[in-house]
Amino acid sequence: MAELLKGKPVVDAMAQDIAARVERLAQVGVVPTLAIVRVGERPDDLSYERTALKRADALGIAVRQIVLDEAVSQADLERAIMQVNNDATIHGCLLFRPLPTHLDETAVCNLLAPHKDIDGITNASLASVFTDAGVGFAPATAAAVIRLLDHYEVPLNGANVVVVGRSLVIGKPVAMLLLARHATVTMCHSRTADLARVMREADIVVCATGRARAYGEECFSAGQVVVDVGINFDAEGNLCGDVDLAAVEPVVGAITPVPGGIGSVTTSTTMAHVVEAAEAAAGLL
């Protein structure tokens with residue numbers, strides 16, 4: 001059976017590092033502060049907000065919640081983002097998306113100051129990911145994949161990595177982060193010819209397509225490391241990943257479970273980005 005690459009050991013190790021950095025900031029009178037901007041009452045937003053609040057409190061990170069009505073105007077939402085930009089005591093901003101359809105999400109995202117963009121939603125932050133230079137942070141989930149692989153000491157230098165999924169939230173940025181670590185990356189998607197064969201030939205497979213249990217044992221081979229980024233619900237309402245864990249676990253060398261894998265690492269990565277932004281603002285980097 002495969003080794004389960006659980007998120008909790010990664011989160012625990014990150015917590016120790018973050019706590020030490022928060023204490024260092026306290027010594028210079030700085031409390032790392034996250035602004036959460038939420039429009040409406042989407043259940044998934046509320047669930048993630050509760051998780052973020054709990055994690056921030058445990059780490060000594062302050063949170064300011066900016067909650068706006070679902071019918072908020074473009075001007076009022078942009079005004080809220082500018083307030084975040086102009087408040088020197090706020091170091092990072094998490095904007096829940098997708099926004100209601102009457103709002104111009106691209107314009108709102110790009111209004112956020114890149115140095116406070118702790119989830120890689122601005123064009124400036126994404127440009128930094130693709131150029132390996134500049135201001136801002138990679139999307140938290142993409143960065144969490146790298147953190148998890150590093151924690152479990154999975155070699156990236158020279159590794160053959162297949163990324164299944166090409167979104168700007170996970171697929172494309174995680175491919176760039178892997179390239180920066182000298183992996184050889186193949187990006188795949190729904191139109192990739194003979195996808196199962198391509199996946200089987202990799203050392204590491206990252207699945208990020210949002211398709212419940214879409215990838216079974218025919219897509220994997222012995223000894224592979226599989227990172228399942230998918231968060232889905234099956235027909236019975238059970239939380240599951242993109243990979244059919246029960247079918248694939250006996251085949252591969254190591255795999256992240258869903259739930260219990262990359263999700264918690266993503267939340268902790270978001271908090272680490274807030275602390276790093278606070279350190280930059282305080283001149284500690």
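Two strands pair if DSSP finds at least two bridges between them, and the strands themselves are DSSP runs of E with at least two residues, while helices are runs of H or I with at least four, both numbered from the N terminus. With that in hand, let us walk through this predicted model, in which local features need pLDDT of at least 70, side-chain atom pairs count only at pLDDT 80 or more, and totals for chains, interfaces and linings use all residues. Residues are numbered from 1 along each chain as its sequence is written, and side-chain values use heavy atoms, with hydrogens and water left out.

Start with the sheet of six strands, which is open, has parallel pairing and follows the order 1-11-8-7-5-6. At its edges you will find strand 1 (3–4) and strand 6 (184–188); each has a single partner strand, so one side of each is left without a neighbour in the sheet. Strand 1 runs parallel to strand 11 (residues 254–255), and two bridges join them. Look for Leu 4, whose bridge partner in strand 11 is Ile 255. Helix 7 (residues 171–180) packs on this sheet and touches strand 5 (160–164) and strand 6. Its direction makes about 170° with that of strand 6; here, axes are lines fitted to C-alpha atoms, for helices over the stretch in contact, and angles run from 0 to 180 degrees between N-to-C directions.

Now turn to the sheet of three strands, also open and with parallel pairing, in the order 3-2-4. Strand 3 (62–68) and strand 4 (92–95) stand at the edges with a single partner strand each, so one side of each has no neighbour in the sheet. From one strand to the next, the twist averages 20°. Strand 2 (residues 33–39) and strand 3 run parallel and are joined by seven bridges. Within strand 3, Arg 64 stands opposite Ala 35. Helix 3 (residues 74–86) packs on the sheet and touches strand 2, strand 3 and strand 4, with its direction at about 175° to that of strand 2.

Next come the helices. Two packed helices are described by the angle between their axes and the distance between the axes. For helix 1 (residues 7–26) and helix 10 (residues 262–281), the angle is about 15° and the axes are 10 Å apart. These two helices are therefore roughly parallel to each other, a label for angles under 35 degrees, with over 145 counting as roughly antiparallel, 65 to 115 as roughly perpendicular and the rest as oblique. Their contact (heavy atoms within 4.5 Å) includes Val 11, Met 14 and Ile 18 of helix 1 and Ser 268 and Ala 272 of helix 10.

Helix 10 also meets helix 2 (residues 43–59): the axes come within 10 Å and cross at roughly 55°. Helix 2 and helix 10 are therefore oblique to each other. Among the residues in this contact are Tyr 48 and Arg 55 of helix 2 and Ser 268 and Thr 270 of helix 10.

Is Ser 268 of helix 10 buried or exposed? At 2% relative accessibility, Ser 268 counts as buried, which means under 20% relative accessible area, with exposed being over 50% and partly exposed in between (1.4 Å probe, protein chains only). Not counting residues up to four places away in sequence, Ser 268 touches Val 11, Met 14, Ile 18 and Arg 55. Thr 270 lies in helix 10 and counts as buried at 1% relative accessibility. Leaving aside neighbours within four places in sequence, Thr 270 is in contact with Tyr 48, Leu 94, Ile 118 and Ala 140.
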